[in-house]
Amino acid sequence: MTVKTDSASLWESIRATDEQRNRINETMRDGERLLWLGRPKPGAAKLLLTWASLVFAVVFNSVVFCWFWLVMLWPAINNVNLQEAPWFHPIILAVVALLPLTAIASMLPRLWANRCDVYAVTNRRAIALIRGPFRYRLNAWDAQDYLDITRGKNGTGSIIYEYRETRHSSYPEGLLDLPDVETVAALIEKAGDTE
């Protein structure tokens, strides 16, 4: 991987949107300059797990929502002469049929988020611009304050800066699913020296 040094070619290399460019540039401090820009590239197993979760959510929601709503509505539908059915019955049935799509709507943002996430390494910090369902979230850490560097097959890996705790689990935050972790790790190691 060739490391590009000028800001314009860095932005061009990841095909960043104006919004992404503005969000990263707004967080830059005086004397700070970009050394690297990139995007996560999750492995096949992670993508397969995400898609499997989507399929499970759609099937589960389809069965549960349809069963629940049809059981609740069946007496009303069954006891009404369909020629004289209230005008709202077709609307209710349409809503019941569309409810499983809520599962898809809840999962798709994460499936496409990796295309929207941007990682940056400056001469001082590591920055992660993460796309959520409704907006971007920006995290920044001192470049050399990472907790761990994980290395996988084919040069992939993650540079972990912290673990976020939830009620039931914890998950890593940092520059995750990097396609070439060694290049980024080398830049981070000398980030403080390139003032």
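How many residues lie between E2 and E3 in their hairpin? There are two. The model is predicted. This briefing starts with the paired strands, then turns to salt bridges, buried polar residues and helices.

**Strands E1 and E2**

- Strand E1 covers residues 34–38.
- E1 is mostly covered, with five of its five residues buried.
- E1 pairs with E2 in the antiparallel sense. Four bridges hold this pairing.
- One facing pair is glycine 38 and tyrosine 119, the latter in E2.

**Strand E3 and its two partners**

- Strand E3 runs through residues 125–131. Six of its seven residues are buried, so E3 is largely enclosed by the rest of the structure.
- Strand E2, residues 118–122, is one partner of E3. The two are antiparallel and share four bridges.
- Within this hairpin, valine 121 stands opposite alanine 126 of E3.
- Strand E4, residues 136–142, is also joined to E3. Here there are seven bridges, and the strands again run antiparallel.
- Isoleucine 130 has arginine 137 of E4 as its bridge partner.
- A general point helps when you look at strands: in a regular strand, side chains alternate between the two faces of the sheet.

**Salt bridges**

- The structure holds four salt bridges. Three of them are described here, beginning with glutamate 32 and arginine 125.
- As background, side chains of opposite charge can pair when their charged atoms come close.
- Glutamate 32 and arginine 125 meet through their side chains, at 2.8 Å from N to O. Glutamate 32 sits in the loop between H2 and strand E1, while arginine 125 belongs to strand E3. The two are 93 residues apart, so to speak of distant parts of the chain is apt.
- Are glutamate 32 and arginine 125 buried or exposed? Both are buried.
- Arginine 137 forms a salt bridge with glutamate 173. Their closest N and O atoms are 3.4 Å apart. This pair links strand E4 to strand E7 (residues 170–178), across 36 residues.
- The two ends of that bridge have their own burial classes. Arginine 137 has 32% relative accessibility and counts as partly exposed. Glutamate 173 has 5% and is buried.
- Arginine 151 and glutamate 182 form another salt bridge, with closest N and O atoms 2.3 Å apart. Arginine 151 is in strand E5 (residues 148–151) and glutamate 182 is in helix H6 (residues 181–189), so the pair ties together parts 31 residues apart in sequence.
- Glutamate 182 counts as partly exposed, because its relative accessibility is 38%.

**Polar contacts of buried residues**

- Where is aspartate 117 found? Its place is the loop between helix H5 (101–116) and E2.
- Why does aspartate 117 count as buried? Its relative accessibility is 1%, and buried means under 20%.
- The side chain of aspartate 117 reaches the backbone nitrogen of arginine 131, at 2.8 Å.
- Asparagine 139 lies in strand E4. Its relative accessible area is 9%, so asparagine 139 is buried.
- The side chains of asparagine 139 and glutamate 173 are joined by a polar contact of 3.0 Å. Glutamate 173 also takes part in the salt bridge with arginine 137.

**Helix H2: a buried side and an exposed side**

- Helix H2 spans residues 18–27, and its buried residues are Gln20, Ile24 and Thr27.
- Seen down the axis of H2, these buried residues fall within an arc of 65°, so they line one face of the helix.
- The face of H2 turned away from the buried side carries the exposed residues Asp18 and Glu26.
- A general rule fits here: an α-helix has 3.6 residues a turn, so residues three or four places apart point the same way.

**A nonpolar patch**

- Which residues make the nonpolar surface patch? They are Val55, Val59 and Val63. The patch measures about 270 Å².
- Valine 55 lies in helix H3, residues 44–78.
- Valine 55 counts as exposed, because its relative accessibility is 51% and the cut-off for exposed is over 50%.

Methods: Residues numbered from 1 in each chain as written. Predicted model: local features only at pLDDT ≥ 70, side-chain atom pairs only at ≥ 80, totals over all residues. Heavy atoms only, no water. Buried < 20%, exposed > 50% of the residue type's maximum accessible area, 1.4 Å probe, protein only. Pairing = 2+ DSSP bridges. Polar contact = N/O pair within 3.5 Å; in protein donor to acceptor, adjacent residues only side chain to side chain. Patch = residues over 30% accessible without salt bridge, like charges linked within 9 Å, V, L, I, M, F, W, Y side chains within 5 Å. Areas by Shrake-Rupley, 256 points an atom, 1.4 Å probe, with all protein chains shown as cover. Arc of directions from axis to C-beta.
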